[in-house]
Amino acid sequence: MKHPELLLPSGSMGVLKTAVRYGADACYIGGDAYSLRAGAINFSRPEMEEAVGYAHEHGVRIHVAANILAHNEDLRTAEDYFRFLNDIRPDAILVADPGMFRMAQRYAPDVEIHISTQANNTNTETCRFWQEMGAARVVMARELSLREIKEIRDAVGDSLEIEAFIHGAMCISYSGRCLLSNYLTGRDANHGACSHPCRWEYTLMEEKDPQGGAPEERPGHLLEYAIEEKTRPGVYMPVQETERGTYIFNSK
C-alpha cells in the first residue's frame, strides 16, 4: 500500500519546527505576498530560505503557497518573487491562478508546481488539463467525496499526484472563491485576508410575510404556533444545527 504524504500548514517558523518534530512529511508556508494565508505570521524572504534549509535538513518537503487570484498589479513583482523561489529551491510552488502558473513556470523552472484547491479542481478533465500544462500535483476541491477522488485517482494514473484536505473549515462557496468577507468587512478572501464570516453565528429574521396573512391562516406553517405576530421584522429565529451553534454559511 502506498504511504500518503502528511502535509501540514505552517504559519510561522515555530509552527514549522513543531510540525517537523511531530512527523510531518511536508509543510506548506506562505511568504509576505501572494499567499491566501495572509492572516498568519508568514515568512520574510530570509525566513523562507531558513525554512527550506531546516525542512530539508530533516528530510521534510517544503511547499510555498502563491495561490491568490492575481490582479495585474500583483503580477508586477511576481517575476522577482518566483526567481527568488527558484534560487532557494522549495519542493513546490502552490498556485491557483493560470497567470501565476505561467509565471511560475517561466521564472521558477526548477521547482514543481502544484494546483491549489482554490482552482476548484472537481473533475478528471480538469486534472488532465493541469497535468498536460505541466503541473506535478493537483489539490482536490474540498467539496469532493471519497468516491469522486478515487474516480479521479484511477483515471489519471500515477503520473499525477493528488492531494486532498482531511481537516479544516469548508467555505460557503466552492473551495474558497467567496465574496462574503469582502462584502461584509472589506477584506478580500481571494487575496488572503478572509475574515471568515462563514464561521460567524447567525439567526434568521423574516423581513415581511411573503405569503400574506397571519400564520394561523396558513395551516401547517412551521412557525404557526411559535410566532404570534402577523409579520415578524425584528424577530430573530435561531436555526439550530448542532449543540455547538448555528453556522448556516459554512457548508460543513
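**View 1. Contacts across the sequence in the whole chain.** Among contacts between residues at least 6 apart in sequence, 58% join residues at least 24 apart in this predicted model. The secondary structure that these views explore comes to 8 helices and 9 strands. Of the 252 residues of the protein, 43% count as buried. As for the outside, the protein exposes about 14,500 Å², and carbon and sulfur atoms supply 52% of that area.

**View 2. The buried side of helix H1.** Take a look along H1, residues 13–21, where Met-13, Leu-16, Ala-19 and Val-20 are buried. These residues lie on the same side of H1, because they cover an arc of only 125° around the axis. What lies over them? The cover of the buried H1 residues includes two elements that flank the helix in sequence, strand E1 (7–9) and strand E2 (26–30). Helix H2 (45–57) and strand E3 (61–65) are also part of this cover. Before leaving this view, find Gly-23 just after H1, which takes a positive phi of about 105°.

**View 3. Strands E4 and E5 with helix H5.** Here you can follow strand E4 (residues 92–95) beside strand E5 (residues 112–115): the two pair in the parallel sense over 4 bridges. A handy landmark is Leu-94, which stands opposite His-114 in E5. Helix H5 (residues 98–107) joins the picture as well, and E4, H5 and E5 make a right-handed β-α-β unit.

**View 4. Strands E5 and E6 with helix H6.** Which residue of E6 is the bridge partner of His-114? That partner is Arg-137, so keep His-114 in sight as you move on from the previous view. E5 and strand E6 (residues 137–139) pair in the parallel sense over 2 bridges. With helix H6 (residues 124–133), E5 and E6 make a right-handed β-α-β unit. E5 therefore takes part in both units shown in these two views.

**View 5. Gly-192 and its distant partner in sequence.** Our last stop is the loop between helix H8 (180–185) and strand E8 (203–205), where Gly-192 lies. Is Gly-192 buried or exposed? Gly-192 counts as buried because its relative accessible area is 5%, and the cut-off for buried is under 20%. Now find Ser-35: Gly-192 and Ser-35 are 157 residues apart in sequence, yet their C-alpha atoms are 6.1 Å apart in space.

Conventions: Residues numbered from 1 in each chain as written. Predicted model: local features only at pLDDT ≥ 70, side-chain atom pairs only at ≥ 80, totals over all residues. Heavy atoms only, no water. Buried < 20%, exposed > 50% of the residue type's maximum accessible area, 1.4 Å probe, protein only. Arc of directions from axis to C-beta. Contact = heavy atoms within 4.5 Å. Pairing = 2+ DSSP bridges. Right-handed = clockwise from strand over helix to strand, strands pointing away. Areas by Shrake-Rupley, 256 points an atom, 1.4 Å probe, with all protein chains shown as cover.
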